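Please open the structure in your viewer and keep the sequence panel beside it. The tour below goes from one selection to the next and says what is to be found at each stop.

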Amino acid sequence: MEGEYIVRLDYLSEFINYLKGTGMVYVTRKSHFSASHRLFNPTFSDEKNDAIFDKCNNINGHGHNYVLEVTVKGNPNRETGYVIDLKQLRDIIESEIIDKVDHKHLNYDVPFLQGIIPTAENLAIVFWSILKNSIPTGILYSVKLFESDNNFVEYFGEPVSIPNYGNGAVLS
Ligand SMILES: [Zn+2]
(Lines give C-alpha, C1' and ligand atoms only; values in the text may rest on other atoms or scores of the structure.)
Protein backbone atom coordinates (compact mmCIF):
# COMPACT_ATOMS: atom_id res chain seq x y z
CA MET A 1 0.00 0.00 0.00
CA GLU A 2 2.82 2.32 0.84
CA GLY A 3 4.36 1.72 -2.58
CA GLU A 4 1.12 2.59 -4.32
CA TYR A 5 0.86 5.84 -2.37
CA ILE A 6 4.35 6.84 -3.45
CA VAL A 7 3.54 6.09 -7.07
CA ARG A 8 0.48 8.33 -6.87
CA LEU A 9 2.56 11.18 -5.45
CA ASP A 10 4.97 10.67 -8.34
CA TYR A 11 2.13 11.06 -10.81
CA LEU A 12 0.97 14.18 -8.99
CA SER A 13 4.41 15.77 -9.14
CA GLU A 14 4.64 14.82 -12.82
CA PHE A 15 1.30 16.53 -13.45
CA ILE A 16 2.38 19.65 -11.56
CA ASN A 17 5.59 19.73 -13.58
CA TYR A 18 3.48 19.44 -16.72
CA LEU A 19 1.30 22.40 -15.69
CA LYS A 20 4.33 24.49 -14.83
CA GLY A 21 5.97 23.56 -18.11
CA THR A 22 8.91 22.03 -16.31
CA GLY A 23 10.26 18.56 -16.88
CA MET A 24 9.50 18.95 -20.58
CA VAL A 25 11.42 17.02 -23.19
CA TYR A 26 11.33 18.16 -26.82
CA VAL A 27 11.20 15.44 -29.46
CA THR A 28 11.80 16.25 -33.13
CA ARG A 29 11.18 14.36 -36.34
CA LYS A 30 12.92 15.60 -39.50
CA SER A 31 11.33 14.93 -42.90
CA HIS A 32 12.12 15.93 -46.48
CA PHE A 33 10.06 16.81 -49.50
CA SER A 34 10.63 18.40 -52.88
CA ALA A 35 8.06 20.72 -54.39
CA SER A 36 7.66 23.67 -56.72
CA HIS A 37 5.81 26.90 -56.16
CA ARG A 38 5.33 30.39 -57.49
CA LEU A 39 5.14 33.40 -55.18
CA PHE A 40 2.82 36.13 -56.32
CA ASN A 41 -0.18 38.05 -55.08
CA PRO A 42 -3.09 38.04 -57.56
CA THR A 43 -4.19 41.48 -56.35
CA PHE A 44 -0.84 43.02 -57.39
CA SER A 45 0.10 44.21 -60.87
CA ASP A 46 2.72 42.18 -62.77
CA GLU A 47 5.20 44.97 -62.08
CA LYS A 48 4.52 44.93 -58.36
CA ASN A 49 4.76 41.13 -58.20
CA ASP A 50 8.10 41.30 -60.01
CA ALA A 51 9.35 44.02 -57.68
CA ILE A 52 8.37 42.15 -54.51
CA PHE A 53 8.81 38.48 -55.39
CA ASP A 54 11.52 38.85 -58.06
CA LYS A 55 12.72 35.41 -59.27
CA CYS A 56 10.24 33.66 -56.99
CA ASN A 57 7.50 35.10 -59.23
CA ASN A 58 8.73 33.04 -62.21
CA ILE A 59 5.50 32.25 -64.02
CA ASN A 60 6.13 28.51 -64.30
CA GLY A 61 7.38 28.21 -60.74
CA HIS A 62 10.65 26.99 -59.27
CA GLY A 63 11.57 24.23 -56.86
CA HIS A 64 12.95 23.63 -53.40
CA ASN A 65 14.20 20.65 -51.45
CA TYR A 66 12.36 21.38 -48.21
CA VAL A 67 13.31 20.07 -44.78
CA LEU A 68 10.49 19.90 -42.24
CA GLU A 69 11.19 19.56 -38.53
CA VAL A 70 8.23 18.90 -36.25
CA THR A 71 8.82 19.14 -32.48
CA VAL A 72 6.51 17.70 -29.82
CA LYS A 73 6.97 18.48 -26.12
CA GLY A 74 5.88 16.59 -23.05
CA ASN A 75 6.87 14.54 -20.04
CA PRO A 76 8.19 11.09 -20.97
CA ASN A 77 5.61 8.39 -20.29
CA ARG A 78 6.62 6.56 -17.11
CA GLU A 79 6.29 3.13 -18.66
CA THR A 80 7.70 3.68 -22.15
CA GLY A 81 10.05 6.62 -21.59
CA TYR A 82 8.54 8.20 -24.72
CA VAL A 83 7.06 11.68 -25.06
CA ILE A 84 5.75 10.38 -28.38
CA ASP A 85 6.59 7.24 -30.31
CA LEU A 86 8.75 8.64 -33.13
CA LYS A 87 7.46 5.97 -35.52
CA GLN A 88 3.94 7.25 -34.89
CA LEU A 89 5.06 10.86 -35.36
CA ARG A 90 6.83 9.89 -38.60
CA ASP A 91 3.72 8.15 -39.94
CA ILE A 92 1.47 11.12 -39.09
CA ILE A 93 3.79 13.62 -40.80
CA GLU A 94 4.12 11.33 -43.83
CA SER A 95 0.40 10.72 -44.29
CA GLU A 96 -0.86 14.20 -43.36
CA ILE A 97 1.81 16.36 -45.01
CA ILE A 98 4.60 14.72 -47.00
CA ASP A 99 2.45 12.42 -49.14
CA LYS A 100 0.36 15.45 -50.14
CA VAL A 101 3.13 17.93 -51.00
CA ASP A 102 6.09 15.85 -52.19
CA HIS A 103 6.73 16.26 -55.93
CA LYS A 104 3.77 18.61 -56.24
CA HIS A 105 3.27 22.18 -57.42
CA LEU A 106 2.12 23.85 -54.22
CA ASN A 107 0.00 26.50 -56.00
CA TYR A 108 -2.00 23.95 -57.99
CA ASP A 109 -1.83 20.41 -56.64
CA VAL A 110 -2.46 20.63 -52.90
CA PRO A 111 -6.08 21.18 -51.82
CA PHE A 112 -5.22 22.53 -48.36
CA LEU A 113 -2.96 25.21 -49.90
CA GLN A 114 -5.40 26.46 -52.53
CA GLY A 115 -5.51 30.25 -52.59
CA ILE A 116 -2.63 30.72 -50.16
CA ILE A 117 0.66 32.36 -51.15
CA PRO A 118 2.98 29.36 -50.58
CA THR A 119 5.79 31.09 -48.73
CA ALA A 120 7.68 29.05 -46.13
CA GLU A 121 5.89 31.11 -43.47
CA ASN A 122 2.44 30.21 -44.73
CA LEU A 123 3.38 26.56 -45.26
CA ALA A 124 4.57 26.27 -41.66
CA ILE A 125 1.31 27.80 -40.38
CA VAL A 126 -0.84 25.47 -42.47
CA PHE A 127 1.23 22.41 -41.53
CA TRP A 128 0.81 23.34 -37.85
CA SER A 129 -2.96 23.58 -38.22
CA ILE A 130 -3.04 20.13 -39.81
CA LEU A 131 -0.78 18.49 -37.24
CA LYS A 132 -1.96 20.09 -34.02
CA ASN A 133 -4.94 17.78 -33.55
CA SER A 134 -3.21 14.68 -34.89
CA ILE A 135 -0.50 14.35 -32.23
CA PRO A 136 -1.49 11.39 -30.02
CA THR A 137 0.72 12.17 -27.01
CA GLY A 138 2.59 15.30 -25.94
CA ILE A 139 1.84 18.75 -27.36
CA LEU A 140 2.88 20.18 -30.71
CA TYR A 141 5.65 22.69 -29.90
CA SER A 142 7.03 23.92 -33.22
CA VAL A 143 7.02 23.47 -36.96
CA LYS A 144 10.31 24.44 -38.58
CA LEU A 145 10.56 24.54 -42.36
CA PHE A 146 13.82 24.94 -44.26
CA GLU A 147 13.44 26.22 -47.81
CA SER A 148 17.21 26.10 -48.28
CA ASP A 149 20.27 25.59 -46.09
CA ASN A 150 20.26 29.26 -45.16
CA ASN A 151 16.58 30.16 -45.12
CA PHE A 152 14.09 28.69 -42.71
CA VAL A 153 11.03 29.67 -40.68
CA GLU A 154 9.75 28.40 -37.35
CA TYR A 155 6.17 28.60 -36.07
CA PHE A 156 5.05 28.05 -32.48
CA GLY A 157 1.30 28.24 -32.96
CA GLU A 158 0.57 31.83 -31.97
CA PRO A 159 -2.74 32.86 -33.55
CA VAL A 160 -2.28 34.29 -37.03
CA SER A 161 -4.56 34.55 -40.03
CA ILE A 162 -3.49 33.93 -43.61
CA PRO A 163 -5.38 35.62 -46.46
CA ASN A 164 -6.86 33.26 -49.00
CA TYR A 165 -6.97 34.59 -52.57
CA GLY A 166 -9.14 31.76 -53.85
CA ASN A 167 -8.93 30.94 -57.51
CA GLY A 168 -7.03 34.13 -58.21
CA ALA A 169 -3.95 32.57 -56.72
CA VAL A 170 -4.29 29.53 -58.95
CA LEU A 171 -5.32 30.95 -62.30
CA SER A 172 -3.32 34.19 -62.26
ZN1 LIG B 1 10.71 29.49 -53.69
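A residue counts as buried here if 20 or more other C-beta atoms lie within 10 Å of its own, and as exposed if 12 or fewer do. With that cut-off in hand, select G138, which is buried because 21 other C-beta atoms lie within 10 Å. G138 sits in the loop between helix 4 and strand 4, and, leaving aside residues up to four places away in sequence, G138 touches V27, V72, K73, G74, V83 and I84. Add N77 to the selection as well: N77 and G138 are 61 residues apart along the chain, yet their C-alpha atoms are separated by 9.4 Å.

**The whole chain**

Now step back to the full view, bearing in mind that this is a predicted model. Coloured by secondary structure, the protein chain shows five helices and five strands, and when you follow the sequence from its start these elements come in the pattern α-β-α-β-α-β-α-β-β-α. The protein chain has 172 residues, of which 22% are buried. If you take the contacts between residues at least 6 apart in sequence, 72% of them join residues that are at least 24 apart.

**Helix 4**

Next select residues 120–131, which form helix 4, an element of 12 residues. From the first C-alpha to the last, helix 4 reaches 16 Å, which is close to the 16 Å expected at 1.5 Å a residue. Which residues of helix 4 are buried? They are A120, N122, L123, A124, I125, V126 and F127. To see what covers these buried residues, show strand 2 (62–74), helix 3 (86–101), strand 4 (139–146) and strand 5 (152–155), which are among the elements that do so.

**Where helix 3 meets helix 4**

Keep helix 3 and helix 4 on screen and hide the rest. The two helices pack with their axes 10 Å apart and at an angle of about 125 degrees, which means that helix 3 is oblique to helix 4. The crossing of helix 3 and helix 4 is right-handed. Show the side chains of I92, E96 and I97 in helix 3, and then those of F127, I130 and L131 in helix 4, since these are the residues through which the two helices meet. Sorted by class, the contact of helix 3 with helix 4 holds five nonpolar residues, one charged residue and no polar ones.

**Three stops in loops**

The next two selections concern the backbone angle phi. Most residues other than glycine have a negative phi. Select D54, in the loop between helix 2 (46–53) and strand 2; D54 is not a glycine, and yet its phi is positive, at about 50 degrees. Is D54 buried or exposed? D54 counts as exposed, because it has 10 C-beta neighbours inside 10 Å.

Then move to H103, in the loop between helix 3 and strand 3 (104–105). H103 is likewise a residue other than glycine with a positive phi, here near 60 degrees, and H103 is exposed because 10 other C-beta atoms lie within 10 Å.

Finally, return to the loop between helix 2 and strand 2 and select N60. N60 counts as exposed, because it has 7 C-beta neighbours inside 10 Å. Select S36 together with N60 to end the tour: the two are 24 residues apart in sequence, and 9.1 Å apart in space from C-alpha to C-alpha.

Methods:
Residues numbered from 1 in each chain as written. Predicted model: local features only at pLDDT ≥ 70, side-chain atom pairs only at ≥ 80, totals over all residues. Helix = DSSP H or I, 4+ residues; strand = E, 2+ residues; numbered from the N terminus. Contact = placed C-beta atoms within 7 Å. Expected span 1.5 Å × (residues − 1). Axes fitted to C-alpha atoms, helices over the stretch in contact; angles between N-to-C directions. Parallel < 35°, antiparallel > 145°, perpendicular 65-115°, else oblique. Left-handed = near helix turned anticlockwise from the far one by under 90°. Nonpolar A, V, L, I, M, F, W, Y, C, P; charged D, E, K, R; others polar.
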